[in-house]
Amino acid sequence: MCEAILVRTGEHGIGTTLSTVSLPSGAERQLRSASVEMNALGYVSSQDLVYGIGDHGHVLRIDRSGGIKDLGYPQGVPRGDLALATAGAAMGGTLVVRLDDRLFTIDVTPSSRTYLSVTRVVRMRPEADGVDDFAVDPVDGLFYGVNSTHGRPTVVSIDPSTGAVHVVATPAGLPAHGSSYGAAVIDSSRTLYVLDNDDGHRSRLFAIPRGGPAREVSSAPAVGTSDAAGCLGMPTPPPPPPPPPTTTTTTPPPPPPPPTTTTTPPPTTTTTRAVVIPPPPQRPVVVPSTTKPWKAPQVTPVASADHEERTKQRRWALTAVILLVGGGAATHAAARARHR
């Protein structure tokens, strides 16, 4: 048995009513009408209160009897930014709401120093724009809802700590006309209940057991928007752990080397020789001369001189022979003349 708070707003935002719905029967009991549109509801069991977002972006608090208290704008986000938040669920003392592809965590614990402040923002990956409400599973702490953006509606899980979105099932029995499933509740048996806002001019409440087909529980006039929170009295799962701090590993510098003793050698006396730079070479001065140029004597080769000398000796020897012969002949002739 599960009892939840259900908020319905008529088409074009006209007429908002608060009711309690009993599950799994789907029986409703109207609590009151409200002058403000509400969405993104979540039940905090430790306070036995429901929190949600009003149409101006204010945080609202709702009790079991339908009493509503406006708590004003949350801190840490521009005013009015959360006015279009659609899905919501509570974890511990926080309210987690979806706006576009982001999950905003709002502290709703009155004794906390961050009360009514946005303490965390996580992006959903991949995006799940067709999830108009989700509920927290008391077993695994994940959010579950129906995504009706593309094709057949699918049940998806959303990790509130990382924003990771996964398709869990494509249950048979859900209308595949692109309708909006604007209210979600999970009971203790982990059955997911969702409200199809407008299916042929009526709204239809479906029960989707884990791993099974969807079945219609009840129907009512069509609505423009809807949201739900519960089960009332069922413990709220603790909030997701904060992200681990960014750890920067700092490598300590190496220890300095031991001091070294440096022996300084005695100064070396260096004898520097004076560098003598020779004077530049002087160009010889040419003095014009009036004397005749000197002519080297001709040198007769030694072999030629010896040959000439021997020739002369031979000539003198021959001359001497001729003279001797001639002289002898003349003497002989003179002797012959005397004997005659």
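The secondary structure of the protein chain, taken from a predicted model, amounts to one helix and 20 strands. Of the 340 residues in the chain, 39% are buried. The surface exposed by the chain comes to about 20,800 Å², and carbon and sulfur atoms supply 58% of that area. Contacts also reach along the sequence: among those between residues at least 6 apart, 47% join residues at least 24 apart.

A good place to begin a tour is the disulfide. The count for this structure comes to one, and the pair is formed by C2 and C231, with their sulfur atoms 1.6 Å apart. C2 belongs to strand β1 (residues 2-9), whereas C231 sits in the loop between β20 (225-230) and α1 (302-339), so the pair ties together parts that are 229 residues apart in sequence. The torsion about the S-S bond is about -105°, and the disulfide is therefore left-handed. Both cysteines are covered by the protein. C2 has a relative accessibility of 3% and counts as buried, because the cut-off for a buried residue is under 20%. C231, at 4% relative accessibility, counts as buried too.

From the disulfide the description moves to the strands and their pairing. Strands of a sheet pair through backbone hydrogen bonds, in either a parallel or an antiparallel sense. Strand β2 (residues 16-23) pairs with strand β3 (residues 27-34) in the antiparallel sense, over seven bridges. One of the bridge partners can be named on each side: V21 is matched with E28 in β3. Together β2 and β3 make a hairpin that has three residues between the strands, and G26 in its turn has a positive phi of about 85°.

G26 appears again in the surroundings of S218, a residue of strand β19 (residues 215-221). Once neighbours within four places in sequence are left aside, S218 is in contact with G26, S203, R204 and L205. The turn of the β2-β3 hairpin, which holds G26, is thus linked by a contact to S218, a member of β19. Is S218 buried or exposed? With a relative accessible area of 18%, S218 is buried, because the limit is under 20%.

Another group of strands forms an open sheet. Its four strands run in the order β8-β9-β10-β11, with antiparallel pairing. The edges are taken by β8 (87-91) and β11 (118-123), each of which pairs on one side only. On average, neighbouring strands of this sheet are turned by 20° against each other, direction ignored. Within the sheet, strand β9 (residues 94-99) and strand β10 (residues 102-107) are joined in the antiparallel sense over six bridges. R98, for example, has L103 in β10 as its bridge partner.

Strand β13 (residues 143-147) brings several features together. Five of its five residues are buried, so β13 is largely enclosed by the rest of the structure. In a regular strand, side chains alternate between the two faces of the sheet. In β13, F143, G145 and N147 point one way, while Y144 and V146 point the other way, and all are buried.

β13 has antiparallel partners in both β12 and β14. With strand β12 (residues 135-136) the pairing runs over two bridges, and V136 has F143 as its bridge partner in β13. These two strands form a hairpin with six residues between them, where G141 in the turn shows a positive phi of about 75°. With strand β14 (residues 154-158) the pairing runs over five bridges. Here F143 has I158 in β14 as its bridge partner. β13 and β14 likewise form a hairpin with six residues between them, and G151 in that turn has a positive phi of about 60°.

F143 has one further role in this picture. How many aromatic pairs does a search of the whole structure find? The search finds one, made by F134 and F143, which are stacked at 4.6 Å centre to centre with 15° between the planes. Both F134 and F143 are buried. F143 is thus a bridge partner of V136 and of I158, as well as a member of the stacked pair with F134.

Note on methods:
Residues numbered from 1 in each chain as written. Predicted model: local features only at pLDDT ≥ 70, side-chain atom pairs only at ≥ 80, totals over all residues. Heavy atoms only, no water. Buried < 20%, exposed > 50% of the residue type's maximum accessible area, 1.4 Å probe, protein only. Contact = heavy atoms within 4.5 Å. Phe/Tyr/Trp six-rings, centres within 6.5 Å; stacked < 30°, edge-to-face > 60°. Pairing = 2+ DSSP bridges. Axes fitted to C-alpha atoms, helices over the stretch in contact; angles between N-to-C directions. Areas by Shrake-Rupley, 256 points an atom, 1.4 Å probe, with all protein chains shown as cover. Disulfide = S-S within 2.5 Å.
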